[in-house]
Amino acid sequence: MPIQVVSADFDKTATRPEEWPRGATPEIAFVGRSNVGKSSMLNALARRKGLARVSSTPGRTRALQFFDLSYRPTPKARPRPIRFCDLPGYGYAKVSRAERDRWTAMIEDYLRDRDVLRAVVLIVDARHPPSESDEDAAAFLVSAGRRLVVAATKMDKLPKARRVLALQQVERALGLARGDAVPFSAVEGTGTDALWARLAALAAEEARTAEAEPPA
Ligand SMILES: Nc1nc2c(ncn2[C@@H]2O[C@H](COP(=O)(O)OP(=O)(O)O)[C@@H](O)[C@H]2O)c(=O)[nH]1
Ligand SMILES: [Mg+2]
């Protein structure tokens, strides 16, 4: 039974930790190279076409963007809140070194320090082997103790006969087990149910130990 999205709204943008939304809502972040299809994936998951801005010009998103959603895991369950965070794409060359360093610091601070963050979706392009920046992102997330979900998007651009092989190539390069990467296509609308199921399960899990510490 597919998860039912009850509501999906833009919350806010943030460039500094003081601006991150407060509260205990479990959060899922989406990372990937510029133009890989992050915003399209967010919109497909939210089942709202214009929620996150889809752009053919890479490197447009310069801040963290937060979205508040609620969903029913089963048709009769009470709606549960979840927050999505769309991170600026990495690997975009046409900005100054200084600006890129500032983005990197902003993203890494968030990925390391955000206490309500339950999992990170790393989005890769199914048509190509993961890039060095994809591999770096995966390694960083693992070293930060984050749960990682890899989604291979733009599957529609591959002939059906090559899709399984492409997925295995992604899994091998990122050190995942067979069947771990989620095949996705915002154009064909495939993969949203499988990805939602993974994200809902991760959102329902206990937070990292730092959050479980008793108040001082
Ligand atoms: N064929 C195809 N194109 C896609 C898919 N997802 C995104 N795109 C296109 O890729 C470009 C970048 O998409 P966007 O979601 O803005 O990427 P972002 O920069 O990672 O947020 C746009 O032209 C989208 O229409 C997909 O699943 N299949
Ligand atoms: Mg985007």
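Helices and strands are DSSP runs, helices of at least four residues and strands of at least two, numbered from the N terminus. With that naming in hand, R147 can be placed in the loop between α3 and β6. The structure described here is a predicted model, and R147 is a friendly place to begin a tour of it. With a relative accessibility of 34%, R147 counts as partly exposed, because that value falls in the range between buried and exposed. Its contacts, leaving out residues up to four places away in sequence, are R118, A119, V120, L202, E205 and E206. One of these partners, R118, is 29 residues from R147 in sequence, yet the C-alpha atoms of the two are 6.9 Å apart in space.

Stepping back from this loop, the overall layout of the chain comes into view. Its secondary structure amounts to 6 helices and 7 strands. Read from the N terminus on, these elements follow the order β-β-α-β-β-α-β-α-β-α-β-α-α. The radius of gyration is 17 Å, close to the 17 Å that the globule rule gives for 216 residues, so the chain is as compact as a globular protein of that length. Along its principal axes, the C-alpha trace spans about 55 × 50 × 35 Å. Among contacts between residues at least 6 apart in sequence, 74% join residues at least 24 apart. To see what a separation along the chain can look like in space, consider G50 and V150: they are 100 residues apart along the chain, and their C-alpha atoms are separated by 24 Å. G50 itself sits in the loop between α1 and β3, and counts as exposed with a relative accessibility of 67%.

The surface and the interior come next. The accessible surface of the chain comes to about 11200 Å², and 51% of it belongs to carbon and sulfur atoms. The chain carries 35 positive and 27 negative side chains, and the centres of these two sets lie 6 Å apart. Turning inward, buried residues account for 47% of the 216 residues.

Which residues touch the most other members of the largest nonpolar core? In this core of 32 residues, they are A29, V31, L64, L87, Y110, L111 and L122. Several elements contribute to the core, with at least two residues coming from each of β2 (27–32), β3 (64–72), α2 (97–113), β5 (117–125), α3 (132–143), β6 (148–153) and α4 (160–173). Another core, of 31 residues, lies apart from it and includes V36, M41, A46 and F84. Back in the largest core, L64 offers a closer look at one member. Setting aside neighbours within four places in sequence, L64 is in contact with K12, T13, A14, W20, C85, D86, L87, P88, M106 and Y110.

The helix α1 gives a clear example of a buried element. Of its 9 residues, 8 are buried, so α1 is largely enclosed by the rest of the structure. The buried ones are K38, S39, M41, L42, N43, A44, L45 and A46. Two of these, M41 and A46, also appear among the members of the core of 31 residues.

Backbone angles add some interest on either side of this helix. Most residues other than glycine have a negative phi. N35, however, has a positive phi of about 75° although it is not a glycine. N35 lies in the loop between β2 and α1 (38–46), where it is partly exposed at 40% relative accessibility. What residue with a positive phi follows α1? It is R47, whose phi is near 55°. R47 belongs to the loop between α1 and β3, and with a relative accessible area of 38% it is partly exposed.

A last stop is V95, in the loop between β4 (80–86) and α2. Is V95 buried or exposed? The relative accessible area of V95 is 12%, and because buried means under 20%, V95 counts as buried. Beyond its neighbours within four places in sequence, V95 is in contact with R62, R100 and W103.

Methods
Residues are numbered from 1 along each chain as its sequence is written. Chains are lettered from A and ligands numbered from 1 in the order in which they are written. This is a predicted model: local features need pLDDT of at least 70, side-chain atom pairs count only at pLDDT 80 or more; totals for chains, interfaces and linings use all residues. Side-chain values use heavy atoms; hydrogens and water are left out. A nonpolar core is a set of buried Ala, Val, Leu, Ile, Met, Phe, Trp, Tyr and Cys residues joined through side-chain atoms within 4.5 Å. Buried means under 20% relative accessible area, exposed over 50%, partly exposed in between (1.4 Å probe, protein chains only). Contact means heavy atoms within 4.5 Å. The radius of gyration is taken over C-alpha atoms; the globule rule is 2.2 Å times the number of residues to the power 0.38. Accessible areas come from the Shrake-Rupley method with a 1.4 Å probe; for residues, only the protein chains shown count as cover. Lys and Arg count as positive and Asp and Glu as negative; His and the chain ends are not counted. The place of a charge is taken as NZ of Lys, CZ of Arg, CG of Asp or CD of Glu.
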